[in-house]
Amino acid sequence: MTTNQISQAPAISPPTIIERTGSISTADIISVLKGEITGLHIKQAFSTEIAEEITANFVGSPGLKERKDGVPGQYVGASHYRKDSATYFAEAETARQYVDALFENLVDPVRAIFDALKRELHNEGIELRLARSEHGQANVSRALSWSGSGTFSLDPHDDVAQVLCAGDGYELSAVANNIVAALNFYPSMAEEGGNLRLWSHKPTVTDRKSQGVETTGYPYSAAYLEGVPFRDFQLRAGDIGLIDGGFVHGVTGQSGNGKRRLVLNSFFGFARPDLVLWWT
Ligand SMILES: O=C(O)CCC(=O)C(=O)O
Ligand SMILES: [Fe+2]
């Protein structure tokens, strides 16, 4: 009995976190893909002018929708979370014009990273491309504004369960055996809070089953995470966060008057030693 309880305490995996000001490099990204770095916080990584334009485009977007999958928030784009492959890729196709319109007349900073990484990996004999199926192709990013209230505006979760259990017709499931990297651009932040919190714990399938989150990785309870150390990325508009999405992470509660927190999010990882897939 006692042994059983002890074995269920979350195993602590100390993360390697790097924080700096400036620009993100393809070497940084590859370090996260390879598991050499767990988390990277780049401050002032893109211009505030671009950040403000993307935010204004999001707020006024005709493609802006309310999430209806149990995760409170508004979005532009498509999320594969809890969707079969046909539905996700069809939604990605429909949403593309709205995602593209977020960057109208701007140089899309997420696509710039995608293109740079594609070139760098190509030099190493590795292909980088968007995930696809006969129903369509993923977009480079999606925009999200979390609206959960209380301790977290996005509850603690991991990004791997949804990939591992994505279901039939998803070539990206293979990435779950490797690192699922989550790239986040922050065009807008609330005055207070909205930190990206990263716990020192990378759940296994057994851990997820014990928490009743086997297929979703969402949400982990406060009781489960009690005693697990964490680090907060204190974000500002114009910052980039890149993490190993297998570690439990969430977004702390926000306050202030008016300014909404906006994130541009994408996932990517090795599906094979010679293929990196990218999706949202
Ligand atoms: O908004 C953030 O900072 C994190 C987003 C995230 O974890 C996700 O979309 O899975
Ligand atoms: Fe996540």
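This briefing describes the aromatic contacts, one buried aspartate, the internal cavity and the two largest pockets of the structure above. The model is a predicted one. It holds 11 aromatic pairs, and a count of enclosed spaces of 30 Å³ or more gives 1 cavity. The largest pocket contains about 470 Å³ of space, and the second largest pocket has a volume of about 150 Å³.

**Aromatic pairs and clusters**

- The total number of aromatic pairs is 11. One of them joins Tyr81 and Tyr218 in an edge-to-face arrangement, with 6.4 Å between the centres and 80 degrees between the planes.
- Tyr81 belongs to the loop between β4 (73-76) and α4 (85-102), and Tyr218 to the loop between α7 (205-210) and α8 (222-225), so this pair ties together parts that are 137 residues apart in sequence.
- Tyr81 counts as buried because its relative accessibility is 7%, under the 20% cut-off.
- Tyr218 is likewise buried, at a relative accessible area of 13%.
- Phe114 and Trp278 also form an edge-to-face pair, with their centres 5.0 Å apart and 90 degrees between the planes.
- Because Phe114 lies in helix α5 (residues 109-123) and Trp278 in strand β18 (residues 275-279), the pair links parts separated by 164 residues in sequence. Both Phe114 and Trp278 are buried.
- A single aromatic cluster is formed by Tyr88, Phe89 and Tyr170.
- At Phe230, the ring has the charged end of Arg197 over it, 4.0 Å from the ring centre.

**Surroundings of Asp69**

- Asp69 is located in the loop between β3 (65-66) and β4.
- With a relative accessible area of 16%, Asp69 is buried.
- Apart from neighbours within four places in sequence, Asp69 is in contact with Tyr81 and Arg82. Tyr81 is also a member of the edge-to-face pair with Tyr218.
- The C-alpha atoms of Asp69 and Ser149 are 16 Å apart in space, and the two residues are 80 apart in sequence.

**The largest cavity**

- The volume of the largest cavity is about 290 Å³.
- Its lining consists of 26 residues, and those nearest the centre are Arg142, Trp146, Leu154, His157 and Asp159.
- Two or more lining residues come from each of β8 (142-146), β9 (152-157), β10 (181-188), β15 (249-252) and β17 (262-272).
- The lining of this cavity divides into 13 nonpolar, 9 polar and 4 charged residues.

**The largest pocket**

- The largest pocket, with about 470 Å³ of space, is lined by 21 residues, and Met189, Ala190, Leu235, Arg236 and Ala237 are the closest to its centre.
- The elements that supply two or more residues to this lining are α3 (48-59), β10 and β11 (192-193).
- Among the elements, α3 gives the most to the lining of the largest pocket, with 4 residues.
- By class, the lining of the largest pocket has 6 nonpolar, 8 polar and 7 charged residues.
- Strand β10 thus appears in two linings: that of the largest cavity and that of the largest pocket.

**The second largest pocket**

- The second largest pocket, of about 150 Å³, is lined by Pro62, Gly63, Lys65, Tyr75, Val76, Gly77, Glu91, Thr94, Ala95 and Tyr98.
- Strand β4 and helix α4 are the elements that give two or more residues to this lining, and α4 gives the most, with 4 residues.
- The lining of the second largest pocket comprises 5 nonpolar, 3 polar and 2 charged residues.

Definitions and conventions: Residues numbered from 1 in each chain as written. Chains lettered and ligands numbered in written order. Predicted model: local features only at pLDDT ≥ 70, side-chain atom pairs only at ≥ 80, totals over all residues. Heavy atoms only, no water. Phe/Tyr/Trp six-rings, centres within 6.5 Å; stacked < 30°, edge-to-face > 60°. Buried < 20%, exposed > 50% of the residue type's maximum accessible area, 1.4 Å probe, protein only. Lys NZ or Arg CZ within 6 Å of the ring centre and 35° of its normal. 1 Å grid on protein atoms, 1.4 Å probe; cavity = no way out; pocket = protein on both sides within 12 Å on 5 of 7 lines; lining within 4 Å. Points joined across faces, edges and corners; volume = space filled by probe spheres on them. Nonpolar A, V, L, I, M, F, W, Y, C, P; charged D, E, K, R; others polar. Contact = heavy atoms within 4.5 Å.
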